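Visitor: I have just pulled up a new model and would love a walk through it. Could we take it one question at a time?

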Amino acid sequence: ITPTVKPTATVNETALIKEAVFKKTGLNANQAEVSINKNTGQHATGNIKEFEAVGGAYWLAAKTAEGWVGVYDGQSQPTCAQIAPYNFPKDMVPECLDKDGKVVKR
């Protein structure tokens, strides 16, 4: 049997990823805009911008057995402990912060 190739991003996946980011940040679609910069089908990253705020933040999400979860949102690097369970590709998360707050190259 030849496996069928599924597209990595569908409209449904996009909605699920955005929902996970909103859940992580505590914001909703009336308060902020979520954009997806990269989606591998298992990991995604992008930006979130509050309508009332100057600037914004970036976020990381991962697909788990339960569905998409927001892993990190902010303006610096995530902690290594935050991303460790999700096996993010190094090109998506090249650095993380150790328990002392020092930047670690992955």
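Guide: Happy to, and let us begin at a charged spot: at 79% relative accessibility, Lys99 counts as exposed. Please keep in mind that this is a predicted model.

Visitor: Which residue forms a salt bridge with Lys99, and is that partner buried or exposed?

Guide: The partner is Asp100, and the closest N and O atoms of the two are 3.9 Å apart. Exposed means over 50% relative accessible area. Asp100 has a relative accessible area of 54%, so Asp100 is exposed.

Visitor: How many salt bridges does a search of the whole structure find?

Guide: Side chains of opposite charge can pair when their charged atoms come close. The pair of Lys99 and Asp100 is a case of this, with 3.9 Å between the closest N and O atoms. For the whole structure, the number of salt bridges found is five.

Visitor: Which parts of the chain does the salt bridge of Lys24 with Asp73 link, and how many residues apart are they?

Guide: In this salt bridge the closest N and O atoms are 3.9 Å apart. Lys24 is partly exposed at 38% relative accessible area, and Asp73 is partly exposed at 28%. The pair links distant parts of the chain, helix 1 for Lys24 and strand 4 for Asp73, and the separation is 49 residues.

Visitor: Which strands does the salt bridge of Lys105 with Glu95 tie together?

Guide: The closest N and O atoms of Lys105 and Glu95 are 2.7 Å apart. Lys105 counts as exposed, at 66% relative accessibility. Because Lys105 lies in strand 6 and Glu95 in strand 5, parts 10 residues apart in sequence are tied together, namely strand 6 and strand 5.

Visitor: What does the disulfide between Cys80 and Cys96 tie together?

Guide: A search of the whole structure finds one disulfide, and in the link of Cys80 to Cys96 the S to S distance is 2.0 Å. The link is right-handed, with 90° about the S-S bond. Cys80 sits in helix 2 and Cys96 in strand 5, so the bond ties together parts 16 residues apart in sequence: helix 2 and strand 5.

Visitor: Is Cys96 buried or exposed?

Guide: The cut-off for buried is under 20% relative accessible area. Cys96 has a relative accessible area of 4%, so Cys96 is buried.

Visitor: Which element gives the largest share of the largest nonpolar core?

Guide: This core has 13 residues, and those that touch the most other members include Ile17, Phe22 and Trp59. Helix 1, strand 1, strand 2 and strand 3 each give two or more residues to it. The largest share, four residues, comes from helix 1.

Visitor: How many residues are in the other core?

Guide: The other core lies apart from the largest one. Among its members are Ala62, Val71, Tyr72 and Val93, and the number of residues is nine.

Visitor: The side chain of Thr45 has a polar atom 2.9 Å from a backbone oxygen; which residue does that oxygen belong to?

Guide: Thr45 is found in strand 2, and at 13% relative accessibility Thr45 counts as buried. Leaving out residues up to four places away in sequence, Thr45 touches several residues, including Ile36, Tyr58, Leu60 and Met92. The backbone oxygen at 2.9 Å belongs to Trp59.

Visitor: To finish, in what order do the elements run from the N terminus on?

Guide: The secondary structure comes to two helices and six strands. From the N terminus on, the order is α-β-β-β-β-α-β-β.

Notes
Residues are numbered from 1 along each chain as its sequence is written. This is a predicted model: local features need pLDDT of at least 70, side-chain atom pairs count only at pLDDT 80 or more; totals for chains, interfaces and linings use all residues. Side-chain values use heavy atoms; hydrogens and water are left out. A nonpolar core is a set of buried Ala, Val, Leu, Ile, Met, Phe, Trp, Tyr and Cys residues joined through side-chain atoms within 4.5 Å. Buried means under 20% relative accessible area, exposed over 50%, partly exposed in between (1.4 Å probe, protein chains only). A polar contact is a pair of N or O atoms within 3.5 Å; within protein, one must be able to donate a hydrogen and the other to accept it, and residues adjacent in sequence count only if both atoms are side-chain atoms. Contact means heavy atoms within 4.5 Å. A disulfide is a pair of cysteine sulfur atoms within 2.5 Å. A salt bridge is a side-chain nitrogen of Lys or Arg within 4 Å of a carboxyl oxygen of Asp or Glu.
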